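Work through the exercises below with the model open in your viewer. Try each task before you read its solution.

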Amino acid sequence: MRPLAIRFRYAFIRTYKPVLDDEPFRAFDTTAEYRRWCEENLPDWLGYGRVRVSAG
Amino acid sequence: MGAFEYRQAEEIRDAFARHGVRYLFLGKSGAILLGFPDTTQDADLFVERTPENGRAIARALLELGFALDEVQAAQIEAGKDFVQLKNGPFDLDLVFAPDGIERFEDAWRRRVEVEGFAVCHIDDIIASKEATGRVKDRESLPRLRSFREYWVRRQRS
C-alpha cells in the first residue's frame with residue numbers, strides 16, 4: 001500500500017458544491033435538522049438527500 | 001481554499017493533541033485513513049460532547065487558522081449536533097451526534113490508530129453511513145462493506 005501521505009494527496013479533492021459551499025459556517029442543533037436542511041436546500045445531484053423508495 | 005492535505009491532517013492531529021481534544025475521523029475520510037481507495041472533499045470528525053472538549057476544539061481550531069467569531073465558538077463549545085466549517089484552511093465537519101453510533105465512548109473503545117490519527121472502526125463508519133439513508137452513502141456502501149472484509153482479514157494476518 002502507498003504511504004498515507006501519498007494516498008492523502010489523491011484522496012482529498014476540492015470542487016465547488018452549490019449552496020453547501022456558499023456559507024463559511026453552519027451549526028445545527030440536531031443531526032435530523034441538518035439532514036432536513038440538506039434535503040430542502042441542496043441540489044439532488046449532490047446526493048445528500050435520502051433515498052426515495054418508489055411506490056409499485 | 002484547496003483540498004485537505006496530509007500536512008493539514010497532521011496539524012489537526014497535533015493541535016488536537018496539544019489541547020487534549022477527543023475526536024475520531026469518521027465517514028469517508030476515516031475510511032481513506034484505513035486504506036479505502038476513494039476520494040472525498042472534506043474531513044469528518046466525530047467529537048466527544050463535553051464542555052471541556054468543546055472548549056478545547058474551539059481553541060485548537062482558532063490555532064489552526066479557522067476564523068471563528070464568539071458566537072460560532074460558543075456553538076462548538078455547546079456541542080451542537082452538527083457543525084460545518086468552511087472558514088478555515090480546509091473544509092471540516094464536526095459531528096457531535098452521528099447517525100448510527102450511540103455513544104462516543106463506545107466508538108472510542110473500538111477506534112483504530114493510523115500514524116497517530118484516531119479513526120473510527122470500519123464497522124462504525126459503515127453503521128453511520130447505513131443510518132443516514134442518503135443517496136451518496138447508499139452508493140458507497142457496497143464497496144465499503146467489501147473493503148471491510150479485506151481490512152478485517154488484513155488486521156488478522
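The exercises cover the interface, the strands, one buried residue and the salt bridges of a predicted model.

**Exercise 1. The interface**

Task: State how much area chain A and chain B bury between them, and which residues of chain A supply the most.

Solution.
- Start with the area. Chain A and chain B bury about 3,500 Å² between them. Carbon and sulfur atoms account for 56% of it.
- Look for the main contributors on chain A. A:Phe8, A:Phe12 and A:Phe25 supply 21% of the area that chain A buries against chain B, more than any other three residues.
- Count the residues in the contact. Chain A gives 31 residues and chain B gives 42 residues.
- Count the polar links. There are 22 residue pairs in polar contact between the chains, both partners at pLDDT 80 or more.
- Assign the chain A side to its elements. Helix H1 (4-11), strand S1 (25-28) and helix H2 (31-41) of chain A each supply at least two residues. H1(A) gives the most, with six residues.
- Sort that side by residue class. It divides into 17 nonpolar, five polar and nine charged residues.

**Exercise 2. Strand pairing**

Task: Find the strand of chain B that S1(A) is joined to, then the partner of S1(B).

Solution.
- Take S1(A). Four bridges join S1(A) to strand S3 (residues 82-85) of chain B, and the two run antiparallel.
- Pick one bridge. A:Ala27 has B:Val83 as its bridge partner in S3(B).
- Move to S1(B), residues 23-26. Four bridges join S1(B) to strand S2 (residues 43-47) of chain B, again antiparallel. B:Leu24 has B:Phe46 as its bridge partner in S2(B).
- Check the faces. In a regular strand the side chains alternate between the two faces of the sheet. In S1(B), B:Tyr23 and B:Phe25 lie on one side, with B:Leu24 and B:Leu26 on the other. These four residues are all buried, so both faces of S1(B) are covered.

**Exercise 3. One residue in helix H2 of chain B**

Task: Decide whether B:Leu33 is buried or exposed, and list its contacts.

Solution.
- Locate the residue. B:Leu33 is found in helix H2 (residues 27-34) of chain B.
- Apply the cut-off. Buried means under 20% relative accessible area. B:Leu33 has 1%, so it is buried.
- List the contacts, leaving aside neighbours within four places in sequence. From chain A, B:Leu33 touches A:Leu4, A:Arg7 and A:Phe8. From chain B, its contacts are B:Phe25, B:Val114, B:Phe117 and B:Val119.

**Exercise 4. Salt bridges**

Task: Give the number of salt bridges in the structure and between the chains, then examine some pairs.

Solution.
- Begin with the totals. The structure holds 26 salt bridges over all chains. Four salt bridges are counted between chain A and chain B.
- Take a pair across the interface. B:Lys80 and A:Asp29 form a salt bridge, with the closest N and O atoms 2.4 Å apart.
- Take a pair within chain B. B:Arg143 and B:Asp38 meet in a salt bridge at 2.7 Å, N to O. B:Arg143 lies in helix H7 (residues 135-156) and B:Asp38 in the loop between H2 and S2, so the pair ties together parts 105 residues apart in sequence.
- Check exposure for this pair. B:Arg143, at 41% relative accessibility, is partly exposed. B:Asp38, at 21%, is also partly exposed.
- Finish with the network. Salt bridges that share partners join A:Arg14, A:Lys17, A:Asp21, B:Lys86 and B:Asp91. Within it, A:Asp21 and A:Lys17 meet at 3.7 Å, N to O. Both of these residues are buried.

Definitions and conventions:
Residues numbered from 1 in each chain as written. Chains lettered and ligands numbered in written order. Predicted model: local features only at pLDDT ≥ 70, side-chain atom pairs only at ≥ 80, totals over all residues. Heavy atoms only, no water. Contact = heavy atoms within 4.5 Å. Buried area = accessible area lost by both parts, 1.4 Å probe. Salt bridge = Lys/Arg side-chain N within 4 Å of Asp/Glu carboxyl O. Polar contact = N/O pair within 3.5 Å; in protein donor to acceptor, adjacent residues only side chain to side chain. Nonpolar A, V, L, I, M, F, W, Y, C, P; charged D, E, K, R; others polar. Pairing = 2+ DSSP bridges. Buried < 20%, exposed > 50% of the residue type's maximum accessible area, 1.4 Å probe, protein only.
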